[in-house]
Amino acid sequence: MATVNTFQAMSAPEGGTSNAAPEGVIPPSIRHQPGVVSVNGEGPAVTTRPNGLNTSEWQSGSAGILSSARTTVGAPSTGGVKASDIITLQNGMEVSVAMAEQLGMVQMDGNGRYVEVQGGVDAASRQPEQEAPVDDAEGFADPKAEATLMELAQTVSPSLQVGAVADVVRTGAVDPLTINRAASEAGIEPGEMQARVDATMAQFRAQAISTVAGLGSADPEDFFEWAQENAPNGLKEAMQQHGLQRSTKGYEPLYRTFIGSMELHDPHSILEAEFGGGITARQERGTVLLNIPGKGEIPYGVAVKSGLIKVTDMGRRR
């Protein structure tokens, strides 16, 4: 006949660990409960009422605003903070870690982990006031569109406004999470907020296109495609200046670079252009040379940068 022995399990010692808890920087919370373990001499051990593991109290292992990291469904962030996680700022507003990184609140360290940037939260909160001088603001041509934008600015917090611009600069659209939070602040439905944001984005886009056309571009879309591929950082800076400072001045140096490099991405436009004034063009070993009366032969790029000629994006002299 098999013998059965019954033992009273001891509570885990203070500071002890459990192999059921994840390893790493996540400190588990263990509920120490006395349990009864029955050991059968002819079969497997059976444990009843074991020590409990409270996973709801797991922390992200990070400090500052990152200590509040949660997944998009609200569960505690475990195994390291991710870009998609949500964090709560000191003012109670919730943003994604990716947005916080764009705003300069957090950054990745040398080990690939997110850490808070000292003073980053305060700097991001002050950014709209520092970078939006009213005197230099370029309003929309449509008064109604300008009024809609002003209403958004008055009903949505500055940090969310900056976040929306960061979303557009990064992906070309405002993140749905940002839309939802803005709608909540403004007291309207997300669908209505999305419609207002879309209309405002269309106005910014039209203003950017009009600006580039005013610089001499016959095809602004061609310029923006070139900038996206060849000068993405410069384009992002110009878009950010446009969105936050209401200034389109950032597009001009990019357009000049576009024109100056035309011999690389569209040399035929230069070779076929009607310059007038006796100027002719020829190509030699990949370089477009302009023969300018009284100046001799000068590389196209040098002529543009030195102001000897002024061209549109179709290569014609103005």
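Leucine 290 touches Ile270, Phe275, Ile279, Thr280, Ala281, Gly296, Glu297, Ile298, Tyr300, Ala303 and Ile309, leaving aside residues up to four places away in sequence; a contact here means heavy atoms within 4.5 Å. Bear in mind that this is a predicted model, in which local features need pLDDT of at least 70 and side-chain atom pairs count only at pLDDT 80 or more, while totals for chains, interfaces and linings use all residues. Residues are numbered from 1 along each chain as its sequence is written, and side-chain values use heavy atoms, with hydrogens and water left out.

From Leu290 we can step out to the core. The largest nonpolar core has 28 residues, and those with the most contacts inside it are Phe223, Leu290, Tyr300 and Ile309. Such a core is a set of buried Ala, Val, Leu, Ile, Met, Phe, Trp, Tyr and Cys residues joined through side-chain atoms within 4.5 Å, where buried means under 20% relative accessible area, exposed over 50% and partly exposed in between (1.4 Å probe, protein chains only). At least two residues of this core come from each of α6, α7, α8, α9, β11 (287–292) and α12; helices (H or I, at least four residues) and strands (E, at least two) are DSSP runs, numbered from the N terminus. Helix α9 gives the most to this core, with five residues. Apart from it lies another core, of 19 residues, among them Leu89, Leu103, Met105 and Leu244.

Let us stay with α9. Its buried residues are Tyr251, Leu254, Tyr255, Phe258, Ile259 and Gly260, and their cover includes α6 (190–214), α7, α8, α10 (262–265) and α12 (300–305).

Now for the rings. Rings of Phe, Tyr and Trp (its six-membered ring) pair if their centres lie within 6.5 Å, with planes under 30 degrees apart counted as stacked, over 60 as edge-to-face and the rest as tilted. By this rule there are eight aromatic pairs. In one of them, Phe223 and Phe258 meet edge-to-face, 5.6 Å centre to centre with 75° between the planes. This pair links distant parts of the chain, 35 residues apart: Phe223 belongs to α7 (residues 220–230) and Phe258 to α9 (residues 251–260). Both Phe223 and Phe258 are buried. Ring pairs also join Phe223, Phe224, Trp226, Tyr251, Tyr255 and Phe258 into a cluster.

Finally, look at two arginines. Arg205 lies over the face of Phe224, 4.5 Å from the ring centre; a charge sits over a ring if NZ of Lys or CZ of Arg is within 6 Å of the ring centre and within 35 degrees of the ring normal. The charged end of Arg246 sits over the ring of Phe140, 4.8 Å from its centre. Arg246 is in the loop between α8 (232–245) and α9, and is buried, with a relative accessible area of 10%.
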